[in-house]
Number of protein chains: 2
Amino acid sequence: MPEPPYVAVIFTSVRAPHDAEGYGAMAEEMERLGSQQPGFLGIESARNSDDRLGITLSYWATVEDARSWKSVAEHLGAQQLGRDRWYEHYSVRIATVMREYGFMRDEMRS
Amino acid sequence: MPEPPYVAVIFTSVRAPHDAEGYGAMAEEMERLGSQQPGFLGIESARNSDDRLGITLSYWATVEDARSWKSVAEHLGAQQLGRDRWYEHYSVRIATVMREYGFMRDEMRS
């Protein structure tokens, strides 16, 4: 990851209780395709097994890069399927990362 | 949640494979205490069971509000325990949410 500032797209979602068909394969395909887009910096995802809440963070060099990925045809198709089948609700937040720090065990710190 | 702009603190972590003792209770206590701080807007958390990756998003009215919570004594103690015991590594990103949109099933959209 580069030094800030860069863009984080914060996608939070709750999966519908039924109709998981095709979801995993589509999520993988979108991660693969998204990571090939201009300005892509990284992606991280986590989902709770109990309340079906998921959070996906994708990082981009610029807001324009994030917006371009939103309008890629295959991704538009996936978004539509998400609304039709897979998600109870979701939120998308576009944010500018201003500062970053971290910890790593074994005295390695970034 | 208010209209943007507001602040998102993006906490991503990987739990250490052992020593889960006290983690759940501390996480709950920090969520309870954090939600009482000035400028607190909300919190969302998800963690994968397979790769131990977790993402916690906390939302704040201002950067100063987020910074104040970072330095509350009980929270400083929890951070230290996290480094000593619970986390393999973690990253903290402070971001400004510029735009937000969403979807809700049953024609309700925000």
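How many salt bridges does the rule find across the interface of chain A and chain B? There are 4 across that interface, and the count over all chains comes to 6. Keep in mind as you go that this is a predicted model. Let's walk through it, one selection after another.

**Stop 1: the two chains together**

Colour chain A and chain B separately and look at where they meet. On the chain A side, 41 residues are in contact with 41 residues of chain B. The area buried between chain A and chain B is about 3,500 Å², and carbon and sulfur atoms give 55% of that area. Now select A:R93, A:Y101 and A:F103: these lose the most area to chain B, together 20% of what the chain A side buries. Keep A:R93 in view, as we return to this residue below.

**Stop 2: the side of chain A that touches chain B**

With the interface still on screen, turn to polar contacts. Between chain A and chain B the rule finds 27 residue pairs in polar contact, both residues being at pLDDT 80 or more. Next, colour chain A by secondary structure. At least two residues of the side that touches chain B come from each of β1 (6–15), β2 (40–47), β3 (53–60), α3 (73–86) and β4 (87–104) of chain A. Which element supplies the largest share of that side? Select β4(A), which gives 18 residues. By residue type, the side of chain A that touches chain B divides into 20 nonpolar, 9 polar and 12 charged residues.

**Stop 3: β4 against β4**

Leave β4(A) selected and add strand β4 (residues 87–104) of chain B. In which sense do β4(A) and β4(B) pair, and over how many bridges? The two strands pair in the antiparallel sense, over 15 bridges. For a place to zoom in, pick A:V92 and look across to B:Y101 in β4(B), its bridge partner.

**Stop 4: salt bridges at B:R93**

Show the side chains of B:R93, A:E44 and A:E100. A:E44 and B:R93 meet in a salt bridge, with 3.7 Å from N to O. This pair crosses between chains, from strand β2 of chain A to strand β4 of chain B. Is B:R93 buried or exposed? Its relative accessible area is 5%, so B:R93 counts as buried, the cut-off being under 20%.

Now move to A:E100. A:E100 also forms a salt bridge with B:R93, the closest N and O atoms being 3.2 Å apart. A:E100 is partly exposed, with a relative accessible area of 29%. Salt bridges that share partners join A:E44, A:E100 and B:R93 into one network.

**Stop 5: A:R93 and B:E44**

Return to A:R93 and add B:E44. Their side chains meet in a salt bridge at 3.7 Å, N to O. Here the pair runs from A:R93 in strand β4 of chain A to B:E44 in strand β2 (residues 40–47) of chain B. A:R93 is buried, with a relative accessible area of 5%, whereas B:E44 is partly exposed at 21%.

**Stop 6: β1 of chain B and the strands it pairs with**

Select strand β1 (residues 6–15) of chain B. This strand is mostly covered, with 9 of its 10 residues buried. Add β4(B): the two strands run antiparallel and are joined by 10 bridges. A pair to pick out here is B:T12, which stands opposite B:S91 in β4(B). Then add strand β3 (residues 53–60) of chain B, which also runs antiparallel to β1(B), this time with 8 bridges. Zoom in on B:V9, whose bridge partner in β3(B) is B:S58.

**Stop 7: around A:R15**

Finish in chain A with A:R15, which lies in strand β1 of that chain. What does A:R15 touch, not counting residues up to four places away in sequence? Select A:A20, A:Y23, A:R47, A:R52, A:W86, A:Y87 and A:E88 to see these contacts. A:R15 has 15% relative accessibility and counts as buried.

Terms used. Residues are numbered from 1 along each chain as its sequence is written. Chains are lettered from A and ligands numbered from 1 in the order in which they are written. This is a predicted model: local features need pLDDT of at least 70, side-chain atom pairs count only at pLDDT 80 or more; totals for chains, interfaces and linings use all residues. Side-chain values use heavy atoms; hydrogens and water are left out. Contact means heavy atoms within 4.5 Å. Buried area is the accessible area (1.4 Å probe) that two parts lose on being put together, summed over both. A polar contact is a pair of N or O atoms within 3.5 Å; within protein, one must be able to donate a hydrogen and the other to accept it, and residues adjacent in sequence count only if both atoms are side-chain atoms. Helices (H or I, at least four residues) and strands (E, at least two) are DSSP runs, numbered from the N terminus. Ala, Val, Leu, Ile, Met, Phe, Trp, Tyr, Cys and Pro count as nonpolar, Asp, Glu, Lys and Arg as charged, and the others, Gly among them, as polar. Two strands pair if DSSP finds at least two bridges between them. Buried means under 20% relative accessible area, exposed over 50%, partly exposed in between (1.4 Å probe, protein chains only).
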